[in-house]
Structures are given as C-alpha cells and as structure tokens.
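Let's take a walk through this structure together, going from strands to core to aromatic rings. Have the model open beside you as you read.

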Amino acid sequence: MEKRRTISIISMMFILLMIIRAMEIVFVKTDQTWVGENILHKICCILLIGIALDILKLHWSDLGFSKKGLLTGLKYGLALGMSTFFLSYAAEFVVLLVMGKHPSLEFYIANFSLTQTHTNGSSLLAIIVCMIGNIVNVCAEEGLFRGLFCKIGMQYYSQKAANMIQALLFGIWHITNVINPVIDGSMNIAMAVFMGTGYILLSAILAYEWGICAALSGTLWIGASEHLFNNFISNSLHTVTETGADELMVIRITLSNILSLLFVLIASRKKHN
C-alpha cells in the first residue's frame, strides 16, 4: 500500500467517525440517557471496521483480537489497571486529607468525564448497562486505533511511527468531550483549549502505551483489558467529600496514565535487554 493511500484511508475513516461522534455528542446526547454512554458512534465504528476488514481481506484476529494470548493479556491488563489506580486513588486521598477534607469511596455508576457528570445510580441494571457500553467502547477504539490504524500504518511506516500516529489520533478523538460544555456556556474558550489539550495528552499517553503492549504481545488483549478496567472503575468508584464528588479526578487520571506508561516502558526495556 502506497504512502498516499495509507494516509488517505486512515484520514477518511477518522474524519467520518469524528463527524458521527460529534453529531451524537451534540445532538443525540446518548450519554445523558439511561444508556449513560455515547455508544451509537462506537457501533458505527465497529461496523466500519468490519467493512474495512472485508475490503482488505483481513479478519478481526489479524488486528489482534485472537484467541491466542487472551488469558495472559487479560491478566496483565487487569494488573496494570488495578496497580496504577490503587496508587492514584491513594494519592488523591492524601491530597484531599492535606486540604482538610474527609474523603471516602462510594460505588455508583456515572459517566466518565472531567467536565460533566451524569449519574445513573448503583442498581444491577445500571452496572450491566455500564459494562456493556464499556465493552462496545473498547472493541471499537482498540479495534480502530491499536488494531486497524496500526495494521494499515505499518504497511508503510515503522511500528513506532504507526503507534505514534494512532496515539495522536486517539488523543484528538477525545477533544470532542469539551464541545457540550462550550455550547451550554459552562466552559469558556480558554478553558476549553486547556481541557482539550489535557484530553489529547492524557488519551495519547494511554494510546501509545497500549500500542506498545500490542507490539510486545502480538495481541490487543492487554490494552483492551486495561482500557475496560480503567473506564469501568472511573465510571463506578468515586471519591466523595462533604463538598462534592471526584473533585480531584484529574490527579487520579493523570497519575494512573503516567504510571501505566512507565510500567510498560520498563517492561519493554527489560524484554529487549
């Protein structure tokens, strides 16, 4: 596949899905319904991946969703997620205690956002819906970015370059999270630029890490497992004080993302030594 065609395919797919994503976030607002997740564009994403695989004569297993390495990938992904979030929750608690607050943990389902929160409660149905939404989300995003984009990119670029491209695109993918706060007036343009930059950086860090995991293991299961755990724990386990909930979530998310990347870089270095 020529370089120009490679760039064209990735660009067209990304732009099309970004348009669908933005339309759902602005007009449909599925995350503000009982679903609690903007899931429609993720379903479109999975369908589009399927069409691309058919055209390219590839299978889902070629992207990294293979039976081989499934259990090992799930194990390492969960270990990464649990260890980094344990440390980041602990750091958040320490900061809140130093601020003179009295933090505690509460379990309930809410959408994952650094800017807006919509709570769906803690019923079994809310938990099941959250899990299904997160599974669809992980299949779509891992399949598109760490799977298809890396697979197409590596036909011309190196694995490292393809990984950096998908990480950058994954970061830009999350800038849409500031659209509604700007529209409803709860966030000004300067804050939107700041938060948008933060979303790009934090998302790109994890995307780059999960790309390394895919290269090391030959599958998407480590990244998919950590991705699923990270989203679900952020949706469900909240730090609560007398003045609100998840007031310092940005500390928790930032620290967990950085720690996760560091752990994987250390593991990668050890493997290659």
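In this predicted model, a good place to start is where β4 and strand β5 (residues 244-245) pair in the antiparallel sense, over two bridges. Here T241 stands opposite G244 in β5, and a hairpin of two residues joins β4 to β5. β4 also has another partner: strand β1 (residues 104-107) pairs with β4 over four bridges, again in the antiparallel sense. In that pairing, look for E106, which stands opposite H238 in β4. Strand β4 itself covers residues 237-241, and because four of its five residues are buried, the rest of the structure largely encloses this strand.

Now turn to the nonpolar side chains. In soluble globular proteins, nonpolar side chains tend to be buried together. The largest nonpolar core here has 26 residues, and M13, F14, L144, F145, L148, F149 and W173 touch the most other members. The elements that give two or more residues to this core are α1 (3-28), α2 (40-56), α5 (124-153), α6 (159-173) and α8 (189-217). For a closer view, centre on F145: leaving aside residues up to four places away in sequence, F145 touches F14, C150, Q166, L169, F170 and W173. There is also a second, separate core of seven residues, including L202, F229, I233 and I253.

The aromatic rings come next. F14, F145, F149, F170, W173 and W210 form one aromatic cluster. One ring of that cluster, F170, has a charge for company: the charged end of R146 sits over the ring of F170, 4.3 Å from its centre. Elsewhere, the charged end of K75 sits over the ring of Y76, 5.1 Å from the ring centre.

The model holds 11 aromatic pairs. In one of them, W60 and F65, the ring centres are 6.1 Å apart and the planes stand at 50°, so the pair counts as tilted. W60 is partly exposed, at 32% relative accessible area, whereas F65 is buried, at 17%. Another pair is F85 and F229, with centres 6.3 Å apart and planes at 75°, which makes the pair edge-to-face. Because F85 lies in helix α4 (residues 70-98) and F229 in helix α9 (residues 221-236), this pair ties together parts that are 144 residues apart in sequence. Both partners fall under the 20% cut-off for buried: F85 has a relative accessibility of 4%, and F229 has 19%. You have met F229 already, as one of the residues of the second core.

Definitions and conventions:
Residues are numbered from 1 along each chain as its sequence is written. This is a predicted model: local features need pLDDT of at least 70, side-chain atom pairs count only at pLDDT 80 or more; totals for chains, interfaces and linings use all residues. Side-chain values use heavy atoms; hydrogens and water are left out. A nonpolar core is a set of buried Ala, Val, Leu, Ile, Met, Phe, Trp, Tyr and Cys residues joined through side-chain atoms within 4.5 Å. Buried means under 20% relative accessible area, exposed over 50%, partly exposed in between (1.4 Å probe, protein chains only). Contact means heavy atoms within 4.5 Å. Rings of Phe, Tyr and Trp (its six-membered ring) pair if their centres lie within 6.5 Å; planes under 30 degrees apart count as stacked, over 60 as edge-to-face and the rest as tilted. A charge sits over a ring if NZ of Lys or CZ of Arg is within 6 Å of the ring centre and within 35 degrees of the ring normal. Two strands pair if DSSP finds at least two bridges between them.
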